Amino acid sequence: MQYNKIKELIDKAEQENKKISQIVIEEEIYEREIERETVIDEMKEHLKIMRESISEGLTPGHKSATGLTGGEALTLQNSNKSLNTPLYKKVIIKALAVSEVNACMGKIVAGPTAGASGIVPAVLITLTEEHEISEDKLIDALFTAGGLGEVVSKKATLAGAAGGCQAECGVGSAMAAGAAVELMGGTPQQVGDAFALALKNLLGLVCDPVAGLVEVPCVKRNGFAASHALTAVNMALSGISSVIPPDEVIAAMMEIGDLMPVSLKETSEAGLAKTETGQKIAEELQDF
Amino acid sequence: MSVFNVLGPIMIGPSSSHTAGAVKVGYLARSIFKGKLVKADIYLHGSFARTFKGHGTDRALVGGLLGFKPDDERIRDSLNLAKERGVEIELHLSDLRGVHPNTAKLELFGENKEMTIIGSSIGGSRIKIIQIDDYEVDFSGEMPTLWVLHKDEPGEIGIITSILGSYKLNIASMEVFRNKKGEVGSAIIELDHKVSDYVISHLQNMDNIYQVRYIEPF
């Protein structure tokens, strides 16, 4: 993709009176010299795997190799003790389901990483189901999510080891929020606002996984980051804008990532990994 | 860059770097080795050594060696599958010194050959192969790649690139290396388009070209 800024994507979409997804699809066709149908089919295959990972995460008996995670998507689904917020609950269930499948060495679609793979499918698939949106629009929204993430990968980073979890779950949440706004009929400008709002409010998030594994806090964090995206979508669709534009938020994320100590960037040398319980788990897993 | 590098790849979890990346390292190593594999000594370094069990890095590397891609569910059972296929696997925790934290050294043994390949997983599921036997290399496997061993002599590189050019194969990047002047040169050539068997045998039949390996992109 030739675009290096979210603003360029928004401007192009507005000039041509298109959705951001169309710009992203056109870029993919141009760069890879392939047919439109091939590009769309590839995304359909990705969506199929996303759905399969959700279903698999909701089948009983799932536990990760370490036993630290698994089965909690189902716990939430079976519980009637939740708040009266069905949409939020459905989103969290799906995000947990995908992340648990990931932790159990199941098949997932990484996006933007494997550790943050639950957020985009949870938000977009749930909204599509709840609002009876067409499959074509969902496919489009996935391209928007990918396009937004591509800009971040060019201008900053998507690696926890380089930018902390803000670059993984933070960006995942922002991709989901922006794409969801398009899915719900928002303008390209609102897509950018939702993206900026979601990312802005997860800035500074560190990557301090227990025992270096993509389990604690990663699995449940996917649920949080997915529901966080909904807050951004609600605001952006109502016309609330982000004071700081999306590209400046991305730059801020990179600056924060650079300033973040190495001990909090996927090295498990501080934070949750070094809590009493975190260390105990790491020790127990040594001989595992 | 493709949008599917960000919304993708489709892969077996749990980690882009420690699982999908490790599969790619194994897979590329096997493509370079080419031929029947009898035994593999796997040396895990750094974070690979510390967290391989929880991430399935060992199973991922072995899966790759068996020819599985990152989305192949057989990765989970690759250690048993290796046994079934008569491939002996030995795992070692080691310090490879001066390499990326997510690095593995693979010593591969066939019936009458052996080869050592070192690869690093450098973020997301992106990887690079950094050493093949005594040759320093640097390639990702994201593009069609040729590894050519040739006589270290003036004009040899020109011959190789002319042959590729005559088939309208555009070179995206090229890296040459040799251990000792006048002996064997190693060239890593990344191309924009896939390379046919015909082109490979053309190269292979040249007098001063000792070995050609073609690595298809994922």
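I began with Ser268(A) in this predicted model, asking whether Ser268(A) is buried or exposed. Counting around Ser268(A) gave 24 other C-beta atoms within 10 Å, and because a residue counts as buried once 20 or more such atoms lie within that distance, I entered Ser268(A) as buried.

I then looked up the backbone of Ser268(A) and noted that its phi is near 55°, which is a positive value in a residue other than glycine. For its place in the fold, I wrote down that Ser268(A) sits in the loop between H12 and H13 of chain A.

Next I turned to Glu266(A), and asked where in chain A Glu266(A) lies. I found Glu266(A) in the loop that runs between helix H12 (246-259) and helix H13 (276-286). The phi of Glu266(A) is near 60°, and here too I recorded a positive value in a residue other than glycine. Glu266(A) has 28 C-beta neighbours inside 10 Å, so I listed Glu266(A) as buried.

After that I moved to chain B and asked which peptide bonds there deserved a note for being cis. One of them is the bond from Gly8(B) to Pro9(B), which is cis with omega near 5°, and I placed Pro9(B) in the segment before strand S1 (10-12) of chain B.

Another entry concerns the bond from Gly13(B) to Pro14(B), which is also cis, with omega near 10°. Pro14(B) belongs to the loop between S1 and helix H1 (16-33) of chain B.

Notes:
Residues are numbered from 1 along each chain as its sequence is written. Chains are lettered from A and ligands numbered from 1 in the order in which they are written. This is a predicted model: local features need pLDDT of at least 70, side-chain atom pairs count only at pLDDT 80 or more; totals for chains, interfaces and linings use all residues. Helices (H or I, at least four residues) and strands (E, at least two) are DSSP runs, numbered from the N terminus. A residue is buried if 20 or more other C-beta atoms lie within 10 Å of its own, exposed if 12 or fewer, and partly exposed in between; C-beta atoms are placed from the backbone.
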